[in-house]
Amino acid sequence: MQLPIANETPIATPAVLRLLPKRPSVFRHRAWWIGALVAGLVVVVGTAIDLGRRPVSPEPPVLLLAPVTRGLVIGTVRASGYLEPLGPGDATRLQLVAAVPESDLARVRTGQGARFTVPAYPGRSHVGRVSKLLGLQDRNGARVLPVVLSVENDDGSLLPGMSASVAITTSSDTGVFRVPRAALEFAPKPGRGQPDDPAVWIAEGPQHSFTRVPVEVGVVDESFAEIRTRADGVLREGAAVVSGYANVK
């Protein structure tokens, strides 16, 4: 039995209607609807392909700003080592032998303070001091400087043979202008590094126009770098410097 199709025309665009199969009397109602569905799919797929070919305007990059601050910058040299007895048969008096990379050799001197941690006491910091610099050695294909540190072990919690991660304080400056280390690595065009002369980019005005300011770099720690410039008034506390691009998705 063939059902009437009056007032049952599918919702479609003129393009779809042109693709619809004619309805000769020999066609049954179901076949006509299948043809209408196929025609609709052709238009939808064609529209999607056309949209995919249209150029999409790239979003402008979002910049991260950080303030210039005054504060303390502590330079450190990091190394790994192990604890050993200071004398035979005495497990309470220990020293720490750390392997400092050859590239940091010029920054390490006797008398410098240090802090170290051991895996047995996570989150706990111990105090030491550089007491001796030994000769350069080759270890695993790298040149290192063995450094001996005297350590405090009044409570006897440290034991010979423990491994340690050491941070030797090599320099410190207080009350200096400092910026995040990333500010010294920023380049206006992503993928292009800074020129050889260090500089920071300072944001000025309500429109955030940027000015490149050459600087001299002083003490650098894990988070901040001390900066100086010969241009009077350019660096001031609270000035905004560009520290990178935000990852916007």
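## Exercises on strands, rings and cores

Strand β11 (residues 216-220) and β12 pair in the antiparallel sense over three bridges, where strands are DSSP runs (E, at least two residues) numbered from the N terminus and two strands pair if DSSP finds at least two bridges between them. The model is predicted, so local features need pLDDT of at least 70 and side-chain atom pairs count only at pLDDT 80 or more, whereas totals for chains, interfaces and linings use all residues. Residues are numbered from 1 along each chain as its sequence is written, and side-chain values use heavy atoms, with hydrogens and water left out.

**Exercise 1.** Determine how β11 is joined to β12, and which strand pairs with β12 besides β11.

*Solution.* Begin with the connection: a hairpin of three residues joins β11 to β12, and in β12 the bridge partner of V220 is A225. Then turn to β8, which pairs with strand β12 (residues 224-228) in the antiparallel sense over three bridges; here P180 stands opposite F224 in β12.

**Exercise 2.** Find the aromatic pair of the structure and describe its geometry and surroundings.

*Solution.* A search of the whole structure finds one aromatic pair, the criterion being ring centres of Phe, Tyr or Trp (its six-membered ring) within 6.5 Å, with planes under 30 degrees apart counted as stacked, over 60 as edge-to-face and the rest as tilted. F186 and Y245 form this pair, which is tilted, at 5.4 Å centre to centre and 45° between the planes. The pair links distant parts of the chain, since F186 lies in the loop between α3 (181-185) and β9 (199-204) and Y245 in strand β13 (residues 240-245), 59 residues apart. Finally, compare accessibility (buried is under 20% relative accessible area, exposed over 50%, partly exposed in between, with a 1.4 Å probe and protein chains only): F186 counts as buried at 7%, while Y245 is partly exposed at 25%.

**Exercise 3.** Identify the residues of the largest nonpolar core that touch the most other members, and the elements that contribute to this core.

*Solution.* A nonpolar core is a set of buried Ala, Val, Leu, Ile, Met, Phe, Trp, Tyr and Cys residues joined through side-chain atoms within 4.5 Å. Of the 21 residues in the largest one, L83, L96, F116, L149 and I168 touch the most other members. Two or more residues each come from β2 (69-87), β3 (90-101), β4 (113-117), β7 (142-151) and β8. Apart from this core lies another, of 15 residues, among them A66, V68, V200 and V241.

Key:
Helix = DSSP H or I, 4+ residues; strand = E, 2+ residues; numbered from the N terminus.
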